[in-house]
Amino acid sequence: MESMLAASLSSPGSLTLDTRPIPTLGEREVLLTVEATTLCGTDLRIVTGQKTNGVTPGVILGHEIAARVWRVGPGLRVGTDVPAPGTQVGLAPEIACGHCAPCTSGRSNVCANMALFGTGVDGGLASVIRVPEHALPCITPTAREIDPPLLALAEPLSCCLRAHTRLPIEPASRVLVLGTGPIGLIHCALAAQAGASVMACGRPSRLDPALAVGADAATASQGEDLLAEVLEWTQGRGADVVIIAVGDPGLVPIAAQCAAIGGHISCFAGFPAGTSAQIDPNLIHYRELTVSGSANATLDDYAAAVDALSSGTLDLSPLITHQFPLTEAEAALEAVRSRAGLKVAVHP
């Protein structure tokens with residue numbers, strides 16, 4: 001293999017599928033062969049030109065990556081520095097600097113100098129990825145081999161796990177998840193796994209999938225109708241935890257109304273730049289609400305996600321609904337844009 005196919009961003013809003021040389025292997029670098037890359041809304045926003053911050057023109061896209069160790073630089077010790085060739089691995093996309101204030105305080109997920117595979121560093125929509133020395137900790141071997149598209153879901157799962165480890169979700173909790181895209185469905189699955197009762201709110205076509213991954217109730221209601229359903233579901237208490245899993249700022253005030261006294265609201269989704277949300281401060285004051293955010297994931301979060309998937313403790317395979325060869329990358333992105341299914345996987 002001397003050349004490879006790659007889907008790259010030739011300019012903001014322009015996807016190019018072309019042939020490139022296989023990346024050169026450095027002294028302390030690793031080459032991975034890509035097995036599958038799943039797509040998300042961020043990929044679509046990059047391709048359409050809606051997201052340009054941190055995006056390098058010409059970068060190979062794709063940050064939800066399942067791969068296999070192929071070649072190891074001569075300056076690395078196999079089994080100590082990196083897994084042995086042939087090992088199936090996930091690749092965490094966040095490359096943190098390790099020395100900024102967020103990193104040294106345990107928040108490498110919001111590193112001030114963050115680089116990302118698929119955004120600023122070549123990602124998974126290619127046959128081979130070069131992993132530079134400073135990104136070697138991103139390589140995470142599986143406990144046992146699993147279907148590559150499922151392993152690729154370690155990235156979105158890791159982000160959801162980061163939020164869940166900081167939320168007071170217990171077996172007696174009532175958890176309301178606003179949004180039933182793949183992220184919302186993962187939140188439903190995690191809350192259900194923790195023993196909580198879960199209500200999912202989202203598009204009518206996504207309600208059955210929410211029930212399939214563990215939600216006890218699902219609704220497409222909005223506004224006052226949603227509030228009424230939540231109060232009925234919780235016997236008038238409100239939800240102990242409300243997770244906003246879609247980037248609609250209009251959901252913030254209804255989330256506060258749906259929260260119980262002492263409840264917790266997680267602004268998990270990224271919201272469009274420049275938007276704002278109005279919330280009644282008295283709801284926060286008199287109900288003693290906690291409002292928090294969660295962004296990206298640490299390497300520990302990613303390792304936990306790979307372990308959960310490869311050990312079988314969490315089954316997210318129902319989320320993989322579409323698979324395409326890399327030659328049909330544009331069709332794969334169109335499936336994401338049209339919400340034809342849930343998660344879309346691309347194979348080189």
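In which loop is the place of Asp122? In this predicted model, Asp122 sits in the loop that runs between strand E7 (115-116) and strand E8 (128-131). The residue is partly exposed, with a relative accessible area of 34%, and, once neighbours within four places in sequence are left aside, Asp122 is in contact with Arg20, Gly58, Val59, Ile60, Phe117 and Ile129. Along the chain Asp122 and His63 are 59 residues apart, while their C-alpha atoms are separated by 9.0 Å.

The protein chain as a whole contains 11 helices and 17 strands. For 348 residues a compact globule would be expected to have a radius of gyration near 20 Å, and the protein chain, at 20 Å, agrees with that expectation. Taken along the principal axes, the C-alpha atoms fill a box of roughly 65 × 40 × 35 Å. Buried residues account for 52% of the 348 residues, and the chain exposes about 14,600 Å², of which carbon and sulfur atoms supply 50%. When contacts between residues at least 6 apart in sequence are considered, 69% of them join residues at least 24 apart. The side chains include 20 positive and 32 negative ones, and the centres of these two sets lie 3 Å apart.

The largest nonpolar core comprises 63 residues, and the members that touch the most other members are Val30, Leu32, Leu91, Phe117, Val131, Leu157 and Leu316. For Leu157, the contacts beyond four places in sequence are with Ile186, Leu190, Ala305, Ala308, Leu309, Leu314 and Leu316. A second core, separate from this one, has 27 residues and includes Met4, Ile46, Leu61 and Leu125. Phe117, listed among the most connected members of the largest core, is also one of the residues in contact with Asp122.

Val34 is placed in strand E3 (residues 30-39) and has a relative accessible area of 7%, so this residue is classed as buried. With residues up to four places away in sequence not counted, Val34 touches Ala66, Ala67, Gly124, Ala126, Ser127, Val128, Ile129 and Pro348; one of these, Ile129, is likewise in contact with Asp122. Val34 and Ala212 are 178 residues apart in sequence, and the C-alpha to C-alpha distance between them is 30 Å.

Helix H6 (residues 207-212) holds Ala210, which is buried with a relative accessible area of 0%. Apart from neighbours within four places in sequence, Ala210 is in contact with Thr180, Leu185, Ala200 and Ala215. Between Ala210 and Val198, which are 12 residues apart in sequence, the C-alpha to C-alpha distance is 9.4 Å.

Arg162 is located in helix H4 (residues 154-164), and, despite bearing a side chain of the positive set, Arg162 counts as buried because its relative accessibility of 9% falls under the 20% limit. Its contacts beyond four places in sequence are with Arg107, Asn109, Ser294, Ala295, Asn296, Ala297, Thr298 and Asp301. Among these partners, Asn296 belongs to the loop between strand E15 (290-293) and helix H10 (299-311) and is partly exposed, with a relative accessible area of 34%.

The backbone of Asn296 is also notable for a phi near 55°, a positive value in a residue other than glycine. Most residues other than glycine have a negative phi. A positive phi of about 55° is likewise found at Arg339, which is not a glycine. Arg339 is placed in the loop between helix H11 (329-337) and strand E17 (343-347), and its relative accessibility of 47% puts this residue in the partly exposed class.

Thr290 lies in strand E15, the strand that precedes the loop of Asn296. Thr290 is partly exposed, with a relative accessible area of 37%, and touches Gly263, His264 and Ile265 when residues up to four places away in sequence are not counted. Thr290 and Thr219 are 71 residues apart in sequence, with 24 Å between their C-alpha atoms.

Terms used:
Residues are numbered from 1 along each chain as its sequence is written. This is a predicted model: local features need pLDDT of at least 70, side-chain atom pairs count only at pLDDT 80 or more; totals for chains, interfaces and linings use all residues. Side-chain values use heavy atoms; hydrogens and water are left out. Helices (H or I, at least four residues) and strands (E, at least two) are DSSP runs, numbered from the N terminus. The radius of gyration is taken over C-alpha atoms; the globule rule is 2.2 Å times the number of residues to the power 0.38. Buried means under 20% relative accessible area, exposed over 50%, partly exposed in between (1.4 Å probe, protein chains only). Contact means heavy atoms within 4.5 Å. Accessible areas come from the Shrake-Rupley method with a 1.4 Å probe; for residues, only the protein chains shown count as cover. The place of a charge is taken as NZ of Lys, CZ of Arg, CG of Asp or CD of Glu. A nonpolar core is a set of buried Ala, Val, Leu, Ile, Met, Phe, Trp, Tyr and Cys residues joined through side-chain atoms within 4.5 Å.
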